[in-house]
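Trainee: I would like to learn how to read a structure like this one. Could you take me through it step by step?

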Amino acid sequence: MTQTTIPAVSQWQTICPLTRIIPNTGVCALVNNEQVAIFRIGNEVFAIANYDPFSKAYVLSRGIVGDRQGIPKVASPIYKQNFNLITGECLDDESVSVPVFPVRVIDGQIQVGIT
Amino acid sequence: MTKKNLVVIGNGMVGHKFLQCMIDKGATADWNLITFCEEPRVAYDRVNLSGFFLGKTADDLSLVEPDLYKNNNIQIHIGDRASTIDRTSKIITSANGVSVNYDKVVLATGSYPFVPPIKGKDTDGTFVYRTIEDLEAMSAHAKKSKIGVVIGGGLLGLECANALKNMGLETHVVEFAPRLMPVQIDDVGGHVLKDQIEALGVKVHVNKSTTEIVNENGTVHKMVFADGSELQTDMIVFSAGIRPRDDIARDCGLVVGDRGGIVVNEACQTSDPDIHAIGECALYENRIYGLVAPGYTMATVAADHLCEPESNQFTGADMSTKLKLLGVDVASFGDAFAKTPGSKEIAIKDSVNGTYKKLVVNESGSLLLGGILIGDASAYGNLLQLVQNAIVLPPHPEDLLMPPREGGLSFSMGVESLPDTAQICSCNNVTKAQICNAIQDQGLTDISAVKKCTNAGTGCGGCVPLVTDLLKAELKAAGIEVKKDICEHFAFSRQELYSLIRTHQIKTFDELLDRHGSGSGCEICKPAIGSILASAWNDYVLTPTHAGLQDTNDAFLANIQKDGTYSVIPRIPGGEITPNMLIVIGEVARDFNLYTKITGGQRIDLLGARVDQLPLIWARLVNAGFESGHAYGKALRTVKSCVGSTWCRFGVQDSTSLAIEIELRYRGLRAPHKFKSAVSGCTRECAEAQSKDFGIIATEKGWNLYVCGNGGIRPQHAQLIAEDLNKETLIQYIDRFLMFYIRTANRLERTATWMNKMEGGLDYLKQVIIHDSLGICAELEAEMAYQVQTYACEWKTTIADPEKLQRFNHFVNVDGPDPSLMRVEERGQVRPPFDHERSEERSVVMP
């Protein structure tokens, strides 16, 4: 999954069952006092910050997910900028990116890593 | 080969432009560039000098990137004026004693402000308006002044008056000629402009010749005019025109004009082939060009000529201008004074709105030669394009000054007819030409690339349809097949997807993607297909297979606002509501601390609901009998109405009852874009039905149906498609019209654009909808009947299902709302804080 680019995880926090997320949508979780947007595409999960740097609102979990040339991404629901779900980079403005979080599914439970 | 020396005298806007051209051409490989700059700083934006008074610093105004000259080995002598040219030994010496051998010279010495020979003109408190130092001196003196006078009512004088006014001075403009801006505009225009400017609090005195400036204790005190009148003032700024700075050229024996100016040829060469002159110091065909654009053209020509002789020529320049002076639009273009033999004028002076518009046309009225616009210069770009391209005018050229005649053809339809100068994106000031050039030069083929390269459409997004049309037109012109693919995941247009879904009975996005698409979809195809599925099968939009397709508005059945909260709009059919229902809305708004506002569609908007509050709010509303208003959907919004014959003494039909019936019939109907309607009870049209996607106006005999109007970014009146209909026929036609629109329109295409692009337009639509020329009317009606039968209120369905409600929690793993939301009180209600208010005490976290 996505851990390769991310610093070592000191602890995994269980968020919710995978089934709690409707396929191809996202939810927002509070992890270590940070708002994290978690998306489910098929049975794969991705986690990035919920904060949209363009609108300055905590809304990315409510965006539409999909792909651009195979790169999984989410479009901000406010001004529609797209973010790469693997790297957090904004696909429409190279100068902007959002944090990504380690995330995995263990025994049907989604877990987000705290680094 | 040793490099040759090229000396540029003057580092103003044009001098700098010349150096920039040489750098861009790579000419620094062949030339040592040396420049003398009399002012204590490198070139700055003199055109926007007044910005200095609005807080811009000298650095902000600078045109030269730091280290540009150093990195390109350009030797610059700042604060040192070149004083003599020895043409025999080819040496230039400066005031500081520097001497340089030259091979070629470019004179870019510019101009100086003309100060009329008035007695007392050098008194303390008199200024000119040319350099940053001039402005600094003005600014210092203004601090101890109450009244300021500008001598000269030209372009620069009025700009200067604006500066004085902004500094809080009582401001006067004194003009020698009988009108303001005598060079650019005519008498009538001058008067309209004077009225407009005086309305802004600047006093204008025309026909005034100043004879003396009287001092008191050595400082300006009053002015005396030739007619004997006087004007008290604390400071005076001379802006009575410019004179070319040609002294260095005169001293070395170059040919100059009778009234000054260094004579140049088409290559901007002076009488000495080794010396060029560009900008305001140059005289071409007995004319000084006192605007920056021609100066820049000369700089380019001179640079081209020095690198490749005879490659480019200066043959005069267009002096058309459009600017805002003291907030008043002023434009003058082409032959503004009708000097062409046989030319005629068409003018409209509107003293009510303070506008003046004049066109100058040729003898037969077929070509536009020039014109003047005061007060409203929005047509400038279009009109200038007509002049410059000699486009043949429509039969009634006066229409160019007025909205199109009833039933007449608007002269400029479609994006192709817009001029290159047209501003397409007003947020980022991007013109049609910039967009088209980016498309051509960089081979752009999709809208996101165009947005990225040009910034157009990245602000409010309102121009994206126009930018898309431009892209399509450009691609078509380039012979590239215009892909109508909705996005990279489906090689089909919306229309094709619609018929695939219908004919193959496809019920979900995944099924469509499997059979006809690739990848996993995106924010373009998903909502579009979600909408088509709803238009075709009318399933609940938040079923698990559909939920992920919906834009956030549809996904949460409310309209997202800038801070991530939502607005709630219950349906109020026809705008009719009982007092008890009104009270419910009031109570809900009060209990959830929502901001309330009346919408343009006769409904009530409750703003600032957190996502977790939406189900609680709707439980109350549904319980009281309200239904979803679908304000979040690409669907029917409202059917607005007047009170009609029920109350109104002029009403001829019961418009309210019809509006309610229609709103209930089409509520929840998903379409390519939102659509609106209205019903007026008489021809007075209080419901504004002619601005709607379909509008109905009562007649003595029945109902008139109008279609394809809209407000929004490009307002358009709806057009009459059928008259005096009975109610059954009316509804039949509307059923057909709406289903035909749903079948054939592009994604996010409003009905007006849809019809504008349709070959045959309204006539074709009549053939299809009234005369059933395609033989599809029965089908269309059946499809609509299915929609009407299967309607269900989405909010009612949602709150009845506890599992659905989980989606409305802000956090999936803990209770509680989004802690980042804040509120500020204003006029007895709450609103989100602006960025600068976030840290203020009155911004409180939303409870």
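Mentor: Happily; we will go through the chains, then some sheets and helix pairs. This is a predicted model, in which local features need pLDDT of at least 70, side-chain atom pairs count only at pLDDT 80 or more, and totals for chains, interfaces and linings use all residues. Residues are numbered from 1 along each chain as its sequence is written, while chains are lettered from A and ligands numbered from 1 in the order in which they are written.

Trainee: How many helices and strands are there in chain A?

Mentor: Helices (H or I, at least four residues) and strands (E, at least two) are DSSP runs, numbered from the N terminus. Chain A has zero helices and 11 strands, whereas chain B has 27 helices and 40 strands.

Trainee: What share of each chain is buried?

Mentor: A residue is buried if 20 or more other C-beta atoms lie within 10 Å of its own, exposed if 12 or fewer, and partly exposed in between, with C-beta atoms placed from the backbone. In chain A, 53% of the 115 residues count as buried; in chain B, buried residues make up 44% of 847.

Trainee: And what share of the contacts joins residues 24 or more positions apart?

Mentor: Two residues are in contact if their C-beta atoms, placed from the backbone, lie within 7 Å. Taking contacts with a separation of 6 or more, residues 24 or more positions apart account for 44% in chain A and 59% in chain B.

Trainee: How many residues of chain A are in contact with chain B?

Mentor: The size of an interface is often given as the accessible area lost when the parts come together. Here we have residue counts: 29 residues of chain A are in contact with 26 residues of chain B. On the chain A side, β1 (11-17), β2 (25-31), β6 (57-58) and β7 (64-68) each supply at least two residues. That side divides into 17 nonpolar, six polar and six charged residues. For these classes, Ala, Val, Leu, Ile, Met, Phe, Trp, Tyr, Cys and Pro count as nonpolar, Asp, Glu, Lys and Arg as charged, and the others, Gly among them, as polar.

Trainee: β7 of chain A is on that side; in which sheet does β7 stand?

Mentor: Two strands pair if DSSP finds at least two bridges between them. In chain A, three strands form an open sheet in the order β7-β8-β9, with antiparallel pairing. β7 and β9 (82-84) of chain A are the edge strands, each pairing on one side only. β7(A) and β8(A), residues 71-75, are paired over five bridges, and A:Asp67 is opposite A:Pro72 in β8(A). For angles, axes are lines fitted to C-alpha atoms, for helices over the stretch in contact, and angles run from 0 to 180 degrees between N-to-C directions. The twist from one strand to the next averages 35 degrees.

Trainee: Which strands form the open sheet with parallel pairing?

Mentor: Look in chain B, where the order is β9-β16-β10-β11-β12. β9 (126-128) and β12 (203-205) of chain B are at the edges with a single partner strand each, so one side of each is left without a neighbour in the sheet. Direction ignored, neighbouring strands are turned by 20 degrees against each other on average. Helix α4 (residues 132-142) of chain B packs on this sheet and touches β9, β10 (147-151) and β16 (235-238). Three bridges join β11(B), residues 170-174, to β12(B), and B:Val174 is opposite B:His205.

Trainee: How do I read a helix pair?

Mentor: Start with the angle and the distance. Helices α13 (residues 494-503) and α15 (residues 525-537) of chain B pack at about 45 degrees, with axes 10 Å apart. Angles under 35 degrees count as roughly parallel, over 145 as roughly antiparallel, 65 to 115 as roughly perpendicular and the rest as oblique, so α13(B) is oblique to α15(B). The contact includes B:Leu497 and B:Ile501 of α13(B) and B:Ile532 of α15(B). By class, this contact has eight nonpolar, no polar and two charged residues.

Trainee: Where is the hairpin with five residues between the strands?

Mentor: That hairpin is formed by β31(B) and β32(B), and B:Gln602 takes a positive phi near 65 degrees there. Four bridges join the antiparallel strands β31 (residues 595-598) and β32 (residues 604-609) of chain B, with B:Ile604 as the bridge partner of B:Ile598.
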